[in-house]
Amino acid sequence: MNPTLHTASAGLGLRRGMLTDLLALTPDAVDFLECAPDNWIGVGGSFGKVLDELSTRFPITCHGLSLSLGGTDPLDRRLLVRTREFIDRHAVTLYSEHLSYCAADGQLYDLLPLPFTEEAVRHVAARISQVQDMLGRRIAVENISYYAVPTPAMSESEFINAVLAEADCDLLLDVNNVFVNACNHGYDAFGFLDQLPPDRVAAYHVAGHIDQADGLKIDTHGATVKGLVWTLLDHAYARFGVRPTLLERDFNFPPIAELMAEVARIRDTQAAHLPRLELVP
């Protein structure tokens, strides 16, 4: 976990569709902004100027989209070099990527699950170690939402634990993904959290999802966070401790006041788990 971002931090995604609202935020409105460097590397002009301005006003964290940590294509070393330059330029406090693959002879533009096997653990852990070496920092990997998984030889929690240990990296715990997966695959979300290692959780994501008519839940990042996901976040704070927490909203943006109300709920939930003195940055 990066020590420069206070544990009791609540952030928003730095999305192009929200730039006008983000520029209007007061300095204390959010504690950090998270961007996908893949979408901003090399961007100049008016968008580049806005990014520079926001990065001087708010701490920036990065959430990669296209490294394909679990893929079989060679790691994109040019992207890694440019990502490191981006991280250094904007003094990024936390970098994370998805525990998945998204390329096979080219980008697939989707985050696909890895098989929960020992072979996959060794494969993805070796690539995470390479990424950490090239970026010159410890990274966190995010548990993804998935709707089918090929040839599981171990449980999802066993797989995640094995990767964290083998790669010696941290976990970005997406609480909404845990809830969606638990509902779709028939396991207990709270019990799942209890199987994860507390010392590896570096940060959290919360987001909205939609309920399909057949009971299937789809992770969308396009809706408000639902009640049981808030309850699960509260449980995560109790088990792992308060960590920087991002409200993910990628489209279907409501008025900024609605998003700030959700950010305030993150802060209130964090405050309930911290001694009073720890609330002062």
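Which residues touch the most other members of the largest nonpolar core? In this predicted model, they are Leu12, Leu14 and Leu173, within a core of 77 residues.

**Figure 1. Surroundings of Leu12 in the largest nonpolar core.** Leu12 is one of the three residues that touch the most other members of this core. Beyond its neighbours within four places in sequence, Leu12 is in contact with Met18, Leu22, Val30, Phe32, Leu33 and Glu34. Its contacts also include Leu246, Leu247, Ile256, Leu259, Met260 and Val263. Another core, of five residues, lies apart from the largest one, and its members include Leu94, Leu172, Ala202 and Ala203. In soluble globular proteins, nonpolar side chains tend to be buried together.

**Figure 2. The aromatic pair of Phe116 and Phe159.** Four aromatic pairs are found in a search of the whole structure. In the pair formed by Phe116 and Phe159, the ring centres are 5.1 Å apart and the planes meet at 35°, a tilted arrangement. Phe116 belongs to the loop between strand E6 (107-112) and helix H4 (118-135), whereas Phe159 is in helix H5 (residues 156-167), so the pair ties together parts that are 43 residues apart in sequence. Both rings belong to buried residues: the relative accessible area is 6% for Phe116 and 2% for Phe159. Together with Tyr146, Phe116 and Phe159 form one aromatic cluster.

**Figure 3. The aromatic pair of Tyr187 and Phe192.** The ring centres of Tyr187 and Phe192 lie 5.4 Å apart and the planes are at 25°; the pair is therefore stacked, the cut-off for stacking being under 30 degrees. Tyr187 is partly exposed, with a relative accessible area of 25%. Phe192, by contrast, is buried, at 4%.

**Figure 4. Arg16 over the rings of Trp40 and Phe47.** The view centres on one arginine and two aromatic side chains. Arg16 lies over the face of Trp40, at 4.7 Å from the ring centre. The charged end of Arg16 also sits over the ring of Phe47, at 5.0 Å from the centre of that ring.

**Figure 5. Leu51 and its contacts.** Leu51 is part of helix H2 (residues 45-57) and is buried, with a relative accessibility of 4%. When neighbours within four places in sequence are set aside, the contacts of Leu51 are Leu14, Trp40, Phe86 and His90. Of these, Leu14 is also one of the residues that touch the most other members of the largest nonpolar core. Trp40 is separated from Leu51 by 11 residues in sequence, and the C-alpha atoms of the two residues are 8.3 Å apart.

**Figure 6. Polar contact between Ser145 and Asp219.** Ser145 occupies the loop between strand E7 (140-142) and H5. Ser145 is buried, with a relative accessible area of 13%. A polar contact of 3.1 Å links the side chains of Ser145 and Asp219. Aside from neighbours within four places in sequence, Ser145 is in contact with Asn177, Asn181 and Asp219.

**Figure 7. Strand E12 and its pairing with E1 and E9.** Thr245 and Leu247 point one way from strand E12 (residues 245-248), while Leu246 and Glu248 point the other way. All four of these residues are buried. In a regular strand, the side chains alternate between the two faces of the sheet. Strand E1 (residues 10-13) runs parallel to E12 and is joined to E12 by three bridges; Ala10 stands opposite Thr245. Strand E9 (residues 201-207) is likewise parallel to E12, with four bridges between them. The bridge partner of Ala207 in E12 is Glu248.

**Figure 8. Positive phi values at Ala91 and Asn252.** Ala91, a residue other than glycine, has a positive phi near 50°. Ala91 lies in the loop between helix H3 (77-89) and strand E4 (95-98) and is exposed, at 56% relative accessibility. Asn252, not a glycine either, has a positive phi of about 55°. The loop that holds Asn252 is between E12 and helix H9 (256-271), and Asn252 is exposed, with a relative accessible area of 52%.

Terms used. Residues are numbered from 1 along each chain as its sequence is written. This is a predicted model: local features need pLDDT of at least 70, side-chain atom pairs count only at pLDDT 80 or more; totals for chains, interfaces and linings use all residues. Side-chain values use heavy atoms; hydrogens and water are left out. A nonpolar core is a set of buried Ala, Val, Leu, Ile, Met, Phe, Trp, Tyr and Cys residues joined through side-chain atoms within 4.5 Å. Buried means under 20% relative accessible area, exposed over 50%, partly exposed in between (1.4 Å probe, protein chains only). Contact means heavy atoms within 4.5 Å. Rings of Phe, Tyr and Trp (its six-membered ring) pair if their centres lie within 6.5 Å; planes under 30 degrees apart count as stacked, over 60 as edge-to-face and the rest as tilted. Helices (H or I, at least four residues) and strands (E, at least two) are DSSP runs, numbered from the N terminus. A charge sits over a ring if NZ of Lys or CZ of Arg is within 6 Å of the ring centre and within 35 degrees of the ring normal. A polar contact is a pair of N or O atoms within 3.5 Å; within protein, one must be able to donate a hydrogen and the other to accept it, and residues adjacent in sequence count only if both atoms are side-chain atoms. Two strands pair if DSSP finds at least two bridges between them.
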